[in-house]
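The following account leads the reader through one structure, beginning with helix packing and passing from there to the sheet and to some local features. Please keep the sequence and the model in view while reading.

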Amino acid sequence: MSHVRSKDGTIIAYERSGNGPALILVDGALCSRAFGPSPKLAPLLARHFSVYAYDRRGRGQSGDTQPYSPAREVEDIAALVEAARGSAFLLGLSSGGALALEAAASGLPVTRLVAYEPPYVDDSGQRGGAAHKGQLERLLAEGNRGGAVKYFMKDMVGAPGLMVVMMRLMPWIWRKLEAVAHTLPYDAAVMTAFRIPRARFASIGVPALVMNGGKTDHRLREAAQTIVNAIPAARYRELPGQTHNVKPDVLTPAVVEFFTAPTATAFTGS
């Protein structure tokens, strides 16, 4: 395990594996380099890249300096890019995809980026997305970490109630989710009330690939297509048979193809 110091002094823990161009993995809500997609995804990508899997602030072995701001998370990525000798690819999953897009819009030396299903599920403004952050903060202020996780899964993600019950019956997993429940408002803040910041994304000047699964929620598909329309040098791709929990061995070839294509226009996305 290695670490970098972010601009505000926060220690960010990471692991580097593989060789080749630098690729930084940006996890979604509740996930870390030890829990979620990264443990399976990083070894596959390390066959082609120098992969930097890190703990987002407040998770795993990274620090959590207050007050929180999405801008601080962009600074965390900037510190990792610096450790990667000044430039990197970004691969963001779910809300990590939104964070990767924001990092590129902030002008970090990112050469290309991939975002898989950034969950902008309230882009129509009809589902009260702005209220999610407040509700999460209220539950956490009451010390109800389990309630915050349940609210995130059931009311925000839309997971069936039975699935939430089954997760709670697996205490070895539920404990890990509760341990990082305090970071759920961070992801809600990154998601800008779950509405796509079109003007912000229009400033992204590097090639981007935005993807969704063929079996995913239609709102995530529509969000991916809207993001692509906002970014000047963006491409869209759908992965047949995949859901929000994309399989690493399906995601990896698409990521490798995009990052290794000679030019953005050479990538067909087929």
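In this predicted model, a convenient point of entry is the packing of α5 against helix α6 (residues 161–168), whose axes lie 9 Å apart at an angle of about 150°. With angles over 145 degrees counted as roughly antiparallel, α5 is therefore roughly antiparallel to α6. The crossing of these two helices is right-handed. On the α5 side the contact is formed by Lys 150, Met 153 and Lys 154, and on the α6 side by Gly 161, Val 164, Met 167 and Arg 168. Sorted by class, the contact of α5 with α6 comprises three nonpolar, one polar and three charged residues.

Helix α6 also meets helix α7 (residues 171–179), and here the axes come within 7 Å and cross at roughly 100°. Because of this angle, α6 is roughly perpendicular to α7. Val 164, Met 167 and Arg 168 of α6 take part in this contact, facing Pro 171, Ile 173, Trp 174 and Leu 177 of α7. The class composition of the contact of α6 with α7 is six nonpolar residues, no polar residue and one charged residue.

On the N-terminal side of this series, helix α4 (residues 130–141) packs with helix α5 (residues 145–157); their axes come within 8 Å and cross at roughly 155°. It follows that α4 is roughly antiparallel to α5. α4 passes α5 in a right-handed crossing. Helix α4 contributes His 132, Gln 135, Leu 136, Leu 139 and Leu 140 to the contact, while α5 contributes Arg 145, Gly 147, Ala 148, Tyr 151, Asp 155 and Met 156. Six nonpolar, three polar and two charged residues make up the contact of α4 with α5.

Attention now turns to the sheet. Strands of a sheet pair through backbone hydrogen bonds, and the pairing may be parallel or antiparallel. In this model eight strands form an open sheet with mixed pairing, in the order β1-β2-β4-β3-β5-β6-β7-β8. The edges are occupied by β1 (2–5) and β8 (234–239), each of which has a single partner strand, so one side of each is left without a neighbour in the sheet. From one strand to the next, the twist averages 25°. At the β1 edge, four bridges join β1 to strand β2 (residues 11–17), and the two run antiparallel. Within this region, His 3 stands opposite Ala 13 in β2.

Two helices that pack on the sheet may be considered next. Helix α10 (residues 218–230) touches β7 (208–213) and β8, and its direction makes about 165° with that of β7. Helix α11 (residues 248–260) also packs on the sheet, where it touches β3 (22–26), β5 (88–93), β6 (110–116), β7 and β8. The direction of α11 makes about 155° with that of β6.

What does a search of the whole structure for aromatic pairs find? It finds seven such pairs. One of them is formed by Tyr 68 and Tyr 186, which are stacked, with 4.0 Å from centre to centre and 0° between the planes. Tyr 68 belongs to the loop between β4 (50–54) and α2 (70–83), whereas Tyr 186 belongs to helix α8 (residues 184–190), so the pair ties together parts that are 118 residues apart in sequence.

The loop between β4 and α2 also holds Pro 67. The peptide bond leading from Gln 66 to Pro 67 is cis, with omega near 0°. A further backbone feature occurs at Leu 30, which has a positive phi of about 70° although it is not a glycine. Leu 30 is placed in the loop between β3 and α1 (38–45).

Definitions and conventions:
Residues numbered from 1 in each chain as written. Predicted model: local features only at pLDDT ≥ 70, side-chain atom pairs only at ≥ 80, totals over all residues. Heavy atoms only, no water. Axes fitted to C-alpha atoms, helices over the stretch in contact; angles between N-to-C directions. Parallel < 35°, antiparallel > 145°, perpendicular 65-115°, else oblique. Left-handed = near helix turned anticlockwise from the far one by under 90°. Contact = heavy atoms within 4.5 Å. Nonpolar A, V, L, I, M, F, W, Y, C, P; charged D, E, K, R; others polar. Pairing = 2+ DSSP bridges. Phe/Tyr/Trp six-rings, centres within 6.5 Å; stacked < 30°, edge-to-face > 60°.
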